[in-house]
Amino acid sequence: MADTAIPEGLLGADPDLNDVEALNVRVLTPFQMAWRRYWHHKGAAIATIIMTMLLIIVIFAPLTARYGINEQVLKIQEGNNVYLSPRSIAWMGTDEIGRDIYSRLIWGVRTSLFIGVTSAILSVIIGTTVGAIAGLRGGVFDDLMMRVTDIFLAFPFLVLVIVVRAALGNLPWLTAIIGDISSIRFLIVLFAIFGWMGVARLVRGQVLSLKEREFIEASRAVGASNTRIVLSHLLPNSIGPILVALTLSVAGSIIGESTLSFFGLGPQPGTNSTSLGLLVELSSSGAKQGNWWLVAFPCGALVLLVVCINFIGDGLRDAVDAKLDTGK
Amino acid sequence: MPSWIQVSEMTDPLLCLKDFAVSFRTPNGDVQAVRGVDISVAAGEMVGIVGESGSGKSVTFLGVLGLLPKSARITGSATVEGLELVGASNRTMRTVRGKKIAMIFQDPLSALNPVYRVGYQVAEMIQAHQQVSKSEALTRSVELLDIVGIPQPKVRARQYPHEFSGGMRQRVMIAMAIANDPEVLIADEPTTALDVTVQAQILEVVQRIQREMNKAVVMITHDLGVIARVADRVQVMYAGRVVERASVNDLFAAPTHPYTVGLLNSLPRVGQERLQPIPGRPPNMLRPPQGCAFRARCPHAAPVCAEKLPELQPHANSMTACVRINEIDVAEMSGITA
Amino acid sequence: MLRFIVRRLLWLPLTLLLVTFLVYCAVRTGWHPEQTYKRSNPRATREKVEQYLAVNGLYKGWGGYVRGYFEWLWRFIQGPDHWPRSIKGRALVYPPLRYSIFNTLRLAGIASILGISIGLTVGTLAARKPGSWFDNIANTGAFFVGAVPAFVSGVILQLVFAVELGWFPVGGVYPPGHQGFDLLLMIKHLVLPVTVVAVQVIAQYSRYMRASLLDVRSSDFVRTARAKGLSERNVLFRHGVRNAMIPVATVLALDVGQLIGGLIITEAIFNYPGMGVYFLKASFNGDIPQLMPYLVIIVTSVLVFNLIADVSYALLDPRIRLG
């Protein structure tokens, strides 16, 4: 029997059948999805909170530190300063000259974080540029870059660092620009030199895989220039892994700075600042003398910092990975 | 009752699914991918399972073989030669997989292990179920490669999957599948990843094997062309249910479900000016709709369609899940083009 | 395949030359020969300094570098007896170098073998049941171990087990003044440093293996293997692990290449006279004749194992070999 009325199915189709909203599934932007995924990662969430608190304490160091960086806890007349165990006037004890470990730790972490973040940012800038060019252009530049970084990255890290540090530190024209071998500036540049390669390879990989994707072809078909493609398409899609690399780079710098200080090759920034690495260096002698607070607090701070940064990196990786996945 | 339905119910079906259902546990709730299907396949016949992506056609048979991820919950019954597979132990399943039921997958490049030679991979299938020596298995695998039409089988057996073309790789998959002479062959979209010209060849191989070895074959596809070419009977699936069951001729000549009509109409025709897709999208299986799942896209939908989940009922020579089949002219969908 | 290896082998000598030259330049720049010599021999006369510079081909200027390099290279090739002598009292370079190599091979070798085998096993077991308690513990453990820098764990272990508890010696290969070979004593001295290193290696390799295996397990050919009716164990090893090993093996080869450089941090903490400590001392003194052979050994090892890594990748993955 022919149904001559207007088919009911087409008009006023049952609204809650296929209506996405009715299912309470909101459509989220990729950024929002990544944000959600990040906070889902419990470790990253806790770590971010801790890091934020740390950052606040550290940035407002003049306010939060109880003493100046070289200030002794007690005036000499008032009593012995040296190697005091933790107590009310010095929450984390004092060092060999009687300075408050707690305050110095704050100043030290500030310096080390500064080193870490600055060198990481530098690494990322250099690495992204080189990696993007290598990925896009290909050819000899790409081959050369891959080979060079291959070999560089294959060497034992510490050996390389020590040799390069010595060589660069003795080049007068270089030290004039980036500072003396024991300065903080020098260290930042040193870490950046080692850091950019990993980032470059990462970005290159990203660019290579994205290059072949259809949306790039589509952009070209619409007439977008190379620069535009890089800036508006490739980079935003690579932000994820770059962020992760940045985070891990910071952690790496912090550990690197401590390791160098352990061997006495760290920054010797003079009497007006200190670094986490220098404070950690105290731990080896402190351990042998039985001054446990010299070991516990600096090493504890170091481990806390690195663990938090690693968790954040992990969270970022989670947040970002699925975003790059097609579907699923 | 049409004669052919009686016949296929008289011959014992080799593979028999009754009220088979699969749902996946996800953080957002249960996704009901398959919501109770009855399918049976007898020896010597090729049953086509046709449906869109997401209709549950692949999930059904992956579930039968127990190849779904751990988040899958399977209920209902699936028997092969009388042996119940739902809830069977892993041990039991291992005697079934590759031996009683063999599966041919969609993308042979990713379905074959890239680091082993092709001959070895076929031989592995043989050795999994037969007590033969390695050399015997390898010899047999060369024979199998020959059966499926791979030239120079002895040489090719020593090559790796990436050295084969797409069509040849799929032949290897087929050779692997028939290695232990299984009663049932399940081909999951075997031609989707292939060129059109190669598709025909592969279908020909599968059909030849079905006829010569009298196997029960399940051909899962979204391509009606494939169905037309090789299937004997067809089951149309939508949103996890079977909505029409018919012989292949009846399906094309006299479809009995609006969805089938929609599918047929959406095939591009020579001289047709505009394409006729089915409006709308398949439903979200997280909260499947009440009643007939197709009603949102069906031009014949009426309040009765929302009442309960429609069961298959006979109509003419086929079975249909459309409750309004007797009230409407299903083919009237073509009138909506205006 | 053979062509691939041959091609890489041909490049090797050239690369070696280039890199060692760069190393030479870096070392010459980094440790000013005159200054370092004078620091080590404060009472040396002008003549002695000149003689030292001349004997070791330490010419100044760009051309001098190149010339110095080739002179050095010539002497190097002729064997350890011809190598320039240390700036400290003109001692031979080779014997302490050899001693260090053996010590390092012992420490690094044992730690690596233990670490890699345990690590791979743990990773495989963790990937078998992702999300299980074992997996979670393994993952968290690896995470924390990776986050704690080597010297922190080393110092703490030393503090706890050697100083406080006294179960193990504080360092060295043997107790000071010990002569001769004593297996038990050697083992006692090795326990702590090996533990520090092995734990790090385990953490690393379990993560690699787990990630790689999880990746492979979700691939189609594993499903095919299961569809063949193979046992879970066969599926896991013959298809899962076999394929997952490919990237892991390449990393392994690269890691081994680095071993000969010594485990600087661990050796320093435990006063273990291996290649790491050798390098540290040499670099502190700016002892170029000591530094160069050490660096050349490292460079050679790294480049050779780089080649091995590439070759093993091709061996394990036929797509690379023939593709």
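**Exercise 1. Which residue of S8(B) is the bridge partner of Met46(B)?**

*Step 1.* This is a predicted model, and we begin with two strands of chain B. Strand S3 covers residues 46-50 and strand S8 covers residues 216-221 of chain B.

*Step 2.* S3(B) and S8(B) run parallel and are joined by five bridges.

*Step 3.* Within that pairing, Met46(B) has Val217(B) as its bridge partner in S8(B).

**Exercise 2. Place S3(B) and S8(B) in their sheet: what is the strand order, and which strands stand at the edges?**

*Step 1.* Write out the order. The open sheet has eight strands of chain B, S6-S7-S8-S3-S9-S10-S12-S11, and its pairing is mixed.

*Step 2.* Look at the two ends of that order. Strand S6 (101-104) and strand S11 (313-315) of chain B each have a single partner strand, so one side of each lacks a neighbour in the sheet.

*Step 3.* Add the twist. Ignoring direction, neighbouring strands of this sheet are turned against each other by 20 degrees on average.

*Step 4.* A general point helps when you look at side chains here: in a regular strand they alternate between the two faces of the sheet.

**Exercise 3. Work through the sheet of four strands in chain B: how is it ordered, and how are its strands joined?**

*Step 1.* The order is S2-S1-S4-S5 in chain B, in an open sheet with antiparallel pairing.

*Step 2.* Find the edges. Strand S2 (29-41) and strand S5 (83-84) of chain B have one partner strand each, so each is left with one side that has no neighbour in the sheet.

*Step 3.* Take the pair S1-S2. Strand S1 (residues 15-26) of chain B is antiparallel to S2(B), with 10 bridges between them. The link from S1(B) to S2(B) is a hairpin of two residues. For a landmark in this pair, find Val22(B), which stands opposite Val34(B) in S2(B).

*Step 4.* Take the pair S4-S5. Strand S4 (residues 72-80) of chain B is joined to S5(B) by two bridges, again antiparallel. Here Val80(B) lies opposite Leu83(B) in S5(B).

**Exercise 4. Describe chain C, then work out how its helices H5 and H6 pack: are they parallel or oblique?**

*Step 1.* Count the elements. Chain C has 14 helices and zero strands. Along the principal axes, its C-alpha atoms fill a box of roughly 80 × 55 × 35 Å.

*Step 2.* Get the geometry. Helix H5 (residues 94-128) of chain C packs against H6(C) at an angle of about 135 degrees, and their axes are 8 Å apart.

*Step 3.* Classify the angle. An angle over 145 degrees would count as roughly antiparallel, and 65 to 115 as roughly perpendicular. H5(C) and H6(C) are therefore oblique to each other. The crossing of H5(C) past H6(C) is left-handed.

*Step 4.* List the residues. H5(C) brings Val122(C), Leu125(C) and Ala126(C) to the contact, while H6(C) brings Phe134(C), Asp135(C), Ala138(C) and Asn139(C). Sorted by class, the contact of H5(C) with H6(C) has five nonpolar, one polar and one charged residues.

**Exercise 5. How many residues does chain C give to its contact with chain A, and how many does it give to its contact with chain B?**

*Step 1.* For the contact with chain A, chain C gives 28 residues and chain A gives 28 residues. Several helices give two or more residues to the side of chain C, including H1 (2-30), H10 (232-259) and H13 (288-316) of chain C. H1(C) gives the most to that side, five residues.

*Step 2.* Sort that side by class. The side of chain C that touches chain A has 20 nonpolar, eight polar and no charged residues.

*Step 3.* For the contact with chain B, chain C gives 20 residues and chain B gives 23. On the side of chain B, helices H3 (90-96), H4 (108-111) and H5 (118-129) give two or more residues each. H5(B) has the largest share, four residues.

*Step 4.* Sort this side too. The side of chain B that touches chain C has 11 nonpolar, six polar and six charged residues.

**Exercise 6. Where does pLDDT stay under 50 in chains A and B?**

*Step 1.* Chain A has an average pLDDT of 76, with 79% of its residues scoring at least 70. Residues 1-24 of chain A stay under 50, and the model has 37 contacts for them beyond four places in sequence. Residues 323-328 of chain A are also below 50, with five contacts beyond near neighbours in sequence.

*Step 2.* Chain B has a mean pLDDT of 87, and 94% of its residues reach 70 or more. Its residues 3-10 are below 50, with three contacts beyond near neighbours in sequence. Residues 334-338 of chain B stay under 50 as well, with four contacts beyond four places in sequence.

Technical notes: Residues are numbered from 1 along each chain as its sequence is written. Chains are lettered from A and ligands numbered from 1 in the order in which they are written. Two strands pair if DSSP finds at least two bridges between them. Two residues are in contact if their C-beta atoms, placed from the backbone, lie within 7 Å. Ala, Val, Leu, Ile, Met, Phe, Trp, Tyr, Cys and Pro count as nonpolar, Asp, Glu, Lys and Arg as charged, and the others, Gly among them, as polar. Axes are lines fitted to C-alpha atoms, for helices over the stretch in contact, and angles run from 0 to 180 degrees between N-to-C directions. Angles under 35 degrees count as roughly parallel, over 145 as roughly antiparallel, 65 to 115 as roughly perpendicular and the rest as oblique. A crossing is left-handed if the near helix is turned anticlockwise from the far one by less than a right angle, and right-handed if clockwise. pLDDT is the predictor's confidence in each residue, from 0 to 100.
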